[in-house]
Amino acid sequence: MTELERVRAEDQRLAKERQRIARDGPKLTGAKLEARLERTWRRPPGILGWLATVDHKEIGRRYIITALLFLALGGMLSLAMRLQLAQPDSNLISPQRYNELFTMHGSTMMFLFAVPVMEGVAVFIIPLMLGTRSTAFPRLNAFSYYMYLFGGLLLWVAFLLNIGPDIGWFAYTPLSGPQFSPGKRADIWAQMITFTEVSALAAAVVLICTILKARAPGMTLARMPLFAWAMLVVAVMIVFSMPSIALCSGMLISDRLVGTQFYNHYEHGDALLWQHLFWFFGHPEVYIIFLPATGFVSVITETFCRRPIFAYPVVVLALISTGILAFGLWVHHMFATGLPRVGYSFYTSASMTVAIPTGLQIFCWLATMWDGRPRFQVPMLYVVGFIVTFVIGGLSGVIIASVPLDLQLHDTYFIVAHFHYVLIGGAVFPLLGILTYWFPKITGRMMSETLGKIGFWMLFLGFQLAFFPMHFAGLLGMPRRVYTYPAGLGLELPNLLSTIGAFVVATAVGLFVVNGLYSLYRGAIAPPNPWEASTLEWATTSPPPPYNFAHVPVVDSKTPLWDAEGELPVVTGLRVDEKETLLTTVVAASPDLREPVPAASLWPLILSIAVAVFFISSIFSPWAVLFGSIPCAIAAAAWFWPKELNRNPEPVIT
Amino acid sequence: MSIQHYQSIFGNAATEVRQFNTLFVIFLVVCAVMYVAVIAFLIAGIARRRRAAEANTVEEGRHHESDPAMRTGLIAWGAVVGTGLVALAIASFVADRSMANAAAHEKLSITVTGNQWWWDVQYNAADNSKMVRTANELHLPVGVPVRIMLKSNDVIHSFWVPSLAGKQDLIPGRDTDITITPQKVGIYRGQCAEYCGAEHAKMALVVDVDSYPDFIKWWQHQLQTAPKPTTPLALAGYNYVTSRNCSACHAIAGTPASATVGPDLTHLASRRTLAASMPMSEGNLYGWVADPQSIKPGTKMPTIGLEPNELHAVVAYLETLK
Amino acid sequence: MSSRFRASLALLAVATLALAACDREERHSRAKPMGETVPAGTSPDTIWPGGTVPQTLDPRAKLYDNNAPAISQGQSLYSQMNCGGCHSHGGGGMGPALMDDEWRYGGRIDQIATSIAEGRPNGMPSWRSKLTEDQIWQLAAYVRSMSGQPSKDAVNSRADAMSATAPQTLTPRETVQTSDTAEQ
């Protein structure tokens, strides 16, 4: 036989083999298909299977539950702080302990709750919303959760062992440097940063690749849900901002461990270097927390106003421009540091400019309410609460963007009021709304509407009581991070009101948790689409099966479930004997590749344990960097070892 | 002696903060108007649902259409927000420039060095014999521009007397400065406004704005050395203070005690506060000298463990340091 | 093991850990004034009368010897009290080097504290009347760190000052040897 004939014969043989592979389609559909897919996609049983899971829904649930646990822990710290501040010259909590409390409260809320909970919700819902079976890089997803968990445990175990940090959540040098923070407290804080930043970077990579490559066919970028846009922008922001804090915390550990001089001005280092690098991350960080919440608001508003968000392109451009502008504002945290004053005006203007896209987004949501027929169930109540509360925070932000005003208000309780308004009003309210909204999808049951309404009003009113008086405390001259204040300055009343409000807020959050737990066991069973929403996650059961969709749906509008006449159109042809998903092109989302999805694997856990040992021991000795990298290299090699696939190569779809 | 604790941002007692109140009100008004607009739109959206027939929802099959007024509204909203923010930015810039330009032609120079957790204040003079060193307290003449050079001996602090000026950080390795031209006689309180460690909450300072003659009188008094003790108890205290632990860190002009680790004590008893946090009084003095660690835990001043008669003697001597 | 048993076991483990809170980082700011309790005339081992009976270690040693805040405070005091005027940054000058392995009057923390409190012949002043016991022990803890004696977890790598020595966290531990005063 000639070469050509041999190749042709081989091709035909392979083609005949391929005919025998079971795929979903007209021949295999319905309950039989679901049973086959279930067998292929479910994770191995037992504790090892639970640890080895790569199912994005399980990982997302873990993220959310862990983050809510940290919310509770951080909240308890804030109650302790408020008890100390309820009266002037109080002796309830010693200064050292109080300083640890506010450091832990800030670090827990910012690094262990706010960003991870957004990542967790995204990791759970994005593949469902985009109509695909799995995230990209599922094992990386699992790894990112374990890194987050170990970072959180590091910080909290240290706190409980009385070696927790006491340097503030932003740990300015030289206070956090080797001379003024003796011991390992600051190193533990800095290394927790490394854990959470690696975790966030991994999750960002997963999200970017999933959103760009793993959408349902026909879901062009112009038809993608706004939450997916928000997470895309956020993930890119994470990629650009996290390295800055990794660098500065790494340099801090280096100064403290081996005596480098990065922040020592006597040896031509600079204390301000820390502030620049930290805030270059720190300002985008708050938008990393806020933009997913805007995605939540868009989702809820669309469903409960019964129409898509008004001016979709404007909202998308607002998200993108907020993400870009957020990188040009960081010096507004440093107005008091004595940098050239004319330069500050640039940052004032930039800080005000970033309010414009957000303002336009708010208009779009309000226009959607105007043009639609809003139903005020609990998620929509949280959206209204968000508008009322976040805008106050945004406007107090405009006030402090001005240099002369900020020079008085910086580092006072006015700032504390501002950022709690934007973080709780702007992120926690939408979060609680979206957890109520997606609770049926995650658990299969509905949350109690009554408990939800009571919780909302308690939270909303308690929040105003707790944080509005802080504006006045700041205007009366109360600085931040003080464990007590003297009598006679007029600060007693605002602080007492804040303390009472804090307890109301805590009760409301507790009520939300009780609602969740109760509804988990006694809530009404949820149908696939209890809210009659429009996006793809509602096209599958509640909760979804491990494979998400029996057939990959095809979309041709922004609101597929509202525009499909009867059943959604689907594409067929994915294997059922192995885990396989469909990748599509970046912009037009036409089918591109059939991608095998990795099976459950323990290597992410093993690598994260190796990395955790590496990071934690390098707090104590520089040799750990050398010796700790060996197990990491071995675990990484085992994870990435090419797997022999028992399959014959299939032609790429053209 | 009671102190008027006046730490409000609206104190408006110096030229540099003259513009603050006006600017704040401008911002507040513009922001309030924007907020009212948002809430009004929100309420309109909520209330409008009663007019069901006009809704563009999926139930009506019109969810791909929009009210054309909204398009105009979006552009108008963007224009209003943009204009408002530009106006605010300009107002802020103008105020900022005028405040910065006012900081010129200072007639008096003071160096404030931040320490954990007290303020080292030194009045500079061309003639070194006229220099004055004190702690946690400034006296300023009304109407005279004063330039305060800010340095730090350890970590970042922030000099903030709300009624007189915005804050400025004291950063080790960098020299920053702030100019204040007080306009109203009075006593103003300030506090460190950058977290600087365990006792950041108790690093306050008091600024006493006097008329010019009173200020000169104060300065002349500060130039005098400490008076010689007259009573036997004060003499015993003097002996202790100048030969024992106190002299390891403190200086009292005219005595052998000349260390610069801690605050200068030459005119301690005439200051308004003690330990940067308490009103000056005999009782507070006893408490502080006897056991500083229980009043300000973590402070650098150690608890010496004085015998009762030593304590009486030391306090008796310190009280003569007016 | 049932999951409830596992949970309570975990809780017990955490509670035990919490009780064993790390003393290395404990800041003893409420150190009681101890008066004149550093024993006078504590001699180094070579001239202990009646044989080489090791002296029992002062109970305060473990409060200061590996205590990070104490060593850090000692570092500040070292520069504030101008110890560097004679001892430089440990390299010695008019006074003996503090970073080497030779200790004329003993290199244990209580012996160093005695040296600081008592003063020593040939120029070491007595600081008993100028510094409290707490401060003297903090200085002694810092002095020991110059020759690498404390655990590396407890020392500061450097001060915020001009760099004069290798970082303390990388300083190798010198063995403590007594040097004969007659040879000085």
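Domain bounds, as used here, come from an automatic or database domain assignment. The model is predicted.

**Exercise 1. Layout of chain B**

Task: State how chain B is divided into domains, and find how far apart the C-alpha centres of domain 1 and domain 3 of chain B lie.

Solution.
- Take the bounds. Domain 1 of chain B covers 15-102, domain 2 covers 108-221 and domain 3 covers 232-319.
- Take the C-alpha centres. Those of domain 1 and domain 3 of chain B are 58 Å apart.
- Add the secondary structure. Chain B holds 8 helices and 12 strands.

**Exercise 2. Overall dimensions of chain B**

Task: Set the radius of gyration of chain B against that of a compact globule of 322 residues.

Solution.
- Start with the reference. The globule would come out near 20 Å.
- Now the model. Chain B has 28 Å.
- Look at the box. Along the principal axes, the C-alpha atoms of chain B fill roughly 100 × 45 × 35 Å.
- Check burial. In chain B, 46% of the 322 residues count as buried.
- Check contact range. Take the contacts in chain B between residues at least 6 apart in sequence; 65% of them join residues at least 24 apart.

**Exercise 3. The two contacts of chain B**

Task: Describe the sides of chain B that touch chain A and chain C.

Solution.
- Count the contact with chain A. Chain B gives 73 residues and chain A gives 70 residues.
- Assign elements. Helix H1 (18-47), helix H2 (68-102) and strand E7 (168-170) of chain B each give two or more residues to this side. H2(B) supplies the largest share, 16 residues.
- Sort by class. The side of chain B that touches chain A has 40 nonpolar, 22 polar and 11 charged residues.
- Turn to chain C. Here 13 residues of chain B meet 14 residues of chain C. The chain B side splits into 6 nonpolar, 6 polar and 1 charged.

**Exercise 4. A helix in chain A**

Task: Test the length of helix H13 (residues 378-401) of chain A against 1.5 Å a residue.

Solution.
- Work out the expected span. H13(A) has 24 residues, so it should span 34 Å.
- Compare. The end C-alpha atoms of H13(A) are 34 Å apart, which agrees.
- Check cover. In H13(A), 23 of the 24 residues are buried.

**Exercise 5. Nonpolar cores**

Task: Find which residues have the most contacts inside the largest nonpolar core.

Solution.
- Take the core of 316 residues. Ala114(A), Ile126(A), Ala228(A) and Met231(A) have the most contacts inside it.
- Find the main contributor. Helix H5 (residues 95-130) of chain A gives the largest share, 22 residues.
- Follow Ile126(A). Beyond four places in sequence, its contacts are Leu207(A), Thr210(A), Ile211(A), Ala228(A) and Met231(A).
- Note a second, separate core. It has 29 residues, including Ile71(C) and Trp137(C).

Conventions:
Residues numbered from 1 in each chain as written. Chains lettered and ligands numbered in written order. Predicted model: local features only at pLDDT ≥ 70, side-chain atom pairs only at ≥ 80, totals over all residues. Contact = placed C-beta atoms within 7 Å. Helix = DSSP H or I, 4+ residues; strand = E, 2+ residues; numbered from the N terminus. Nonpolar A, V, L, I, M, F, W, Y, C, P; charged D, E, K, R; others polar. Rg over C-alpha atoms; globule rule 2.2 N^0.38 Å. Buried ≥ 20, exposed ≤ 12 C-beta atoms within 10 Å, placed from the backbone. Expected span 1.5 Å × (residues − 1). Core = buried A, V, L, I, M, F, W, Y, C linked by C-beta atoms within 7 Å.
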